[in-house]
Amino acid sequence: MMATYEYLCSHCGCFDVKLTIGTAPKSYGCPTCTNPARRLYSAPGLSLTSSASAALHEREEQAREAPAVVSEVPPRTRPKRRPHPALSRLPRP
Ligand SMILES: [Zn+2]
């Protein structure tokens, strides 16, 4: 099982590393400058989410790099608004 661990390089900032759960070292070589980066203990990006939300998350991540292009605006399917039921109970002039 894989988990995403976050590391903070003092030169380059944060980066993510995907590792097997339980194998994340306290420091990890920065992919940019190869200096040891400190592990951040934030909310872990565990792959234990439901497949539906994982798929949604995957699609959201993909949309940053390669958003799905549509050729037309989605059809307008707004439901007809009915007047609020309390309006009929108001006194009429
Ligand atoms: Zn770095």
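# Exercises on a hairpin and its surroundings

Three residues form the hairpin connection between strand 1 and strand 2. Strands (E, at least two residues) and helices (H or I, at least four) are DSSP runs numbered from the N terminus. The model is predicted: local features need pLDDT of at least 70 and side-chain atom pairs count only at pLDDT 80 or more, while totals for chains, interfaces and linings use all residues. Residues are numbered from 1 along each chain as its sequence is written.

**Exercise 1. Determine the order of the secondary structure elements and the confidence assigned to them.**

Step 1. The protein contains one helix and four strands. Along the sequence they follow the pattern β-β-β-β-α.

Step 2. The mean pLDDT of the protein (the predictor's confidence in each residue, from 0 to 100) is 83, and 90% of the residues score at least 70.

Step 3. Among the elements, strand 3 (residues 27-29) has the highest mean pLDDT, 93, whereas strand 4 (residues 36-46) has the lowest, 75.

**Exercise 2. Describe the pairing of strand 1 with strand 2 and place A3 in it.**

Step 1. Two strands pair if DSSP finds at least two bridges between them. Strand 1 and strand 2 (residues 13-20) have eight bridges, in the antiparallel sense.

Step 2. Individual partners can be named: Y7 bridges to F15 in strand 2, and L8 stands opposite C14 in that strand.

Step 3. A3 belongs to strand 1 (residues 2-9). Burial is counted from C-beta atoms placed from the backbone: a residue is buried with 20 or more others within 10 Å of its own, exposed with 12 or fewer, and partly exposed in between. A3 is partly exposed because 17 C-beta neighbours lie inside 10 Å.

Step 4. In strand 2, none of the eight residues is buried, so this strand lies largely in the open.

**Exercise 3. Characterise C33 and T34.**

Step 1. C33 lies in the loop between strand 3 and strand 4, and T34 lies in the loop between these strands as well.

Step 2. C33 is exposed because it has 11 other C-beta atoms within 10 Å; T34 is exposed because it has 9.

Step 3. A contact requires C-beta atoms, placed from the backbone, within 7 Å. Leaving aside residues up to four places away in sequence, C33 touches C9, H11 and C12.

Step 4. The phi of T34 is positive, about 65°, although T34 is not a glycine.

**Exercise 4. Assess helix 1 and the overall dimensions of the protein.**

Step 1. The expected span of a helix is 1.5 Å times one less than its number of residues. For the 15 residues of helix 1 (residues 51-65) this gives 21 Å, which agrees with the 21 Å between its end C-alpha atoms.

Step 2. The number of buried residues in helix 1 is zero, so the helix lies largely in the open. In the whole protein, buried residues make up 4% of the 93.

Step 3. The radius of gyration is taken over C-alpha atoms, and the globule rule is 2.2 Å times the number of residues to the power 0.38. A compact globule of 93 residues would have a value near 12 Å; the protein has 24 Å.

Step 4. Taken along the principal axes, the C-alpha atoms fill a box of roughly 80 × 35 × 30 Å. The C-alpha atoms of C33 and R89 are separated by 71 Å, with their positions 56 residues apart along the chain.

Note on methods: Two residues are in contact if their C-beta atoms, placed from the backbone, lie within 7 Å.
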